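Here is a short report for a reader new to this structure. Look at how the chains sit together, then at one sheet and its helices.

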There are 2 protein chains.
Amino acid sequence: MKKISILGAGLSATSLIEYLLERAEQNDWQINVGDCDIDIAKHKVGNNKRATAFTFNVKNIDDVNKAVAEADVIVSMLPAMFHHIIAKSCIENKTQMLTASYVSKEIKEMGSAAQDANVGIFMELGVDPGIDHMSAMKIIDKLRADGSTLNGFYSSTGGLVAPEYDNNPWNYKFTWNPRNVVLAGQGVSMFIRNGRYKYIPYQRLFHRLSETSIEGFGDFEIYPNRDSLKYRKTYGLEEIPTIFRGTMRRKGFSRAWNVFVQLGATDDSYTIENSDKMTFRQFINTFLAYEEYTPLEEKIRNHFSILITDDVYNKLKWLDIFEDIKIPLKEATPAQILQYILERKLQLEEGDKDMIVMQHRFEFTTKEGEDKEITSTMVVKGETNERTAMAITVGTPLAIAVKMVANKELKLTGVHVPVIPEMYNPILEELEESDIKFTETERTL
Amino acid sequence: MKKISILGAGLSATSLIEYLLERAEQNDWQINVGDCDIDIAKHKVGNNKRATAFTFNVKNIDDVNKAVAEADVIVSMLPAMFHHIIAKSCIENKTQMLTASYVSKEIKEMGSAAQDANVGIFMELGVDPGIDHMSAMKIIDKLRADGSTLNGFYSSTGGLVAPEYDNNPWNYKFTWNPRNVVLAGQGVSMFIRNGRYKYIPYQRLFHRLSETSIEGFGDFEIYPNRDSLKYRKTYGLEEIPTIFRGTMRRKGFSRAWNVFVQLGATDDSYTIENSDKMTFRQFINTFLAYEEYTPLEEKIRNHFSILITDDVYNKLKWLDIFEDIKIPLKEATPAQILQYILERKLQLEEGDKDMIVMQHRFEFTTKEGEDKEITSTMVVKGETNERTAMAITVGTPLAIAVKMVANKELKLTGVHVPVIPEMYNPILEELEESDIKFTETERTL
């Protein structure tokens, strides 16, 4: 009997745990779910005879070593900064490990130690990173095998509200950590276009839009998503002239969001004095020049060249930023206050469903010299409040990989991400059975 | 005989050392000048019989303790981050200490230890901080004594090229550390206006201009200078409705500088791949979208709504940013590359003289209920290549304070900045003798 332990039983672990519990009997698995809140872990395992819940605190190293030593396979669903602690213990205890998170510097450095210990550490197995790697690499490898030359690779993902529940002027609701949405894009974004490096500072990011549409789902806009350059190495595309990764939103989102960016309302680096004595209106006003006879609404419109009839004005107004509503946060950063304002209005409501959209575009020249383009698109909608599209697309590929490792179908050692056929082929195949699949179209350029 | 040691003999120490050497004989001082480059120290002391040069390395704690133990008064002209090391040794050795730099958190915390040891640590004794404190506090204290109420305090300073040598389209040359000019204003700037907090993010800073003019010197523009709020405490103005500190430039500077800010060319947080294979033109192009048929000049003009006849276009072009000139810096940050581009053109040339301008504006209501305004303005021009306005205005007030401490005219203990009459009155009085003086005008509002 194989013992599989999941560390962290939050929302993002729902689909993962479900998948493993359903298959525990037939695969002869024992599933142990650990969380610092034992009730959450108990709720997740229910009355499944193959499963137990336990209290787990990553900050207690005895908890870590005990959980790792007792398991054959560890799945870490903890916040990313804790993975390296688990990985260290896994190498010491010769336990296999999987996560959905990015390979950190610390874990990268453990690669050869893991190999020496005969331990596999499999990461980036969620949706982004995860499904993006697998679906892209499958096509990239096929083009290579065909003798085609890849000239450009564009890949974008968005977490959005499903169209049926899309009922606000932003065409957006929080489907994941709102803090990450408020801070998205800070720092610099970089990509390469026709061999020319492009560096986009945060203050220009939401100007630099491209657009796409998905059949049956309408139009989307795309803004650059941080460091696209590093994917050249990950995908073995060191010489590619164009590589771009983006974030997808409904059209019009970025124009309005950019007002907050330009104002400085997304800044998380300092706190505002007496913020708990301010109202939403006063908060927004702190970022604009004092003008005795000009109301805030007019200052915003003048400053950003917005007409009163513009959609962007409607979006801003709908958030109540012009209202004298009290901010209940003491000495808060602008980003924290903005998050509070947004969470009042942009939460998923009971019964709402989310949606993940992902689209790759490959520009290539065939062996015969023809210039062509493949577009590959995935849309996944949430099923229930717990089985959100985000939870499904993060949890399912990870769960499939866990099965492969537990059943010795995947026996690699060292640190791996799913860019190799022996990982992406079986995972993508099984994802299709759960209706997580890509539609491909090809055209001549 | 009093022993005065100066640590650090760079450009900014020139006027200070001159002042002290000239007065060493009559005051019975021994002057010791330490620098990690003994030749610089020797050059500064010349053949003055009262002076010696010595090798001093702040990273060698034995050097520090020896220099401090041997002196009655230490003047630290080292980079600001080293002051706290000197201060600690001064407290241990009961040596008085002076600097022109801001009081750091570490030094602030040494206040009571210094008091207990009977040691005075006098800081912020240069021009900004320094002369700004003294000249402002003199007027603030006078208004208080008159029973007036201060409603607004505005204070701005600029380091510029003297008008006679102002011969480039930017009306600007580097008169101090160019790196600080390139990075100026990053982070957030904050002030308070009519009781309302104002927070200006970097990306809006060079839009938020005000203007002023100085008789005989023409027009200037002013952009907000970092944290004005903290000056409420320093100046005892906790309840003042308006306090603003700014940086002065010649009109038109900020509009053009803002192009670099908006492009992201002042970013110092990441390095550009293969920067040593790029030209100026390619560097600027990395920040703009790829457009096959639009030349860079046109992209810049379109993006920033600049006409070919506009002054801002002329400023940019004059820097050679549209030229294919090689960047000789490997893996450099945008800020480093921009600094290289600017230094080619904006250096002070042989014989050029610099200029410091400082202007305070006080809005107040008199005891009789009259609304009035005092404007207080200082302009200092450089005298020679070594005796720059910056070196004179940093070194002279500091030197006067050193004299006061060495001669026991200033006997305070603990950490002090010159906001008290017993410091600012004698220093301002002697500064006037060196023609470093303020002109006051008053008008009814």
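## Symmetry and one sheet

In this predicted model, A:Gln203 is the residue of chain A that comes closest to the rotation axis, with its C-alpha at 3.2 Å. The same surface serves both copies: 100% of the contact residues of chain A recur in chain B. A turn of 180° with a shift of 0.0 Å along the axis lays chain A on chain B, and the RMSD is 0.0 Å. That is the relation of a two-fold axis.

Now to the sheet. Chain B holds an open sheet of seven strands. Their order is S3-S2-S1-S4-S5-S6-S15, and the pairing is parallel. Strands S3 (51-55) and S15 (414-416) of chain B stand at the edges. Each has a single partner strand, so one side of each is left without a neighbour in the sheet. On average, neighbouring strands of this sheet are turned by 20° against each other, direction ignored.

Take one pair inside this order. Strand S4 (residues 73-76) and strand S5 (residues 96-99) of chain B run parallel, joined by four bridges. Within this pair, B:Val75 stands opposite B:Leu98 in S5(B).

Two helices of chain B lie across strands of the sheet. The table sets them out.

| Helix of chain B | Lies across (chain B) | Angle |
|---|---|---|
| H4 (residues 61-70) | S1 (2-7), S3 and S4 | about 150° to S1(B) |
| H5 (residues 83-93) | S1, S4, S5 and S6 (120-122) | about 160° to S5(B) |

Strand S4 of chain B thus has H4 across it, and H5 as well.

Notes: Residues are numbered from 1 along each chain as its sequence is written. Chains are lettered from A and ligands numbered from 1 in the order in which they are written. This is a predicted model: local features need pLDDT of at least 70, side-chain atom pairs count only at pLDDT 80 or more; totals for chains, interfaces and linings use all residues. Side-chain values use heavy atoms; hydrogens and water are left out. Copies are superposed by least squares on the C-alpha atoms of residues with pLDDT of at least 70 in both. Contact means heavy atoms within 4.5 Å. Two strands pair if DSSP finds at least two bridges between them. Helices (H or I, at least four residues) and strands (E, at least two) are DSSP runs, numbered from the N terminus. Axes are lines fitted to C-alpha atoms, for helices over the stretch in contact, and angles run from 0 to 180 degrees between N-to-C directions.
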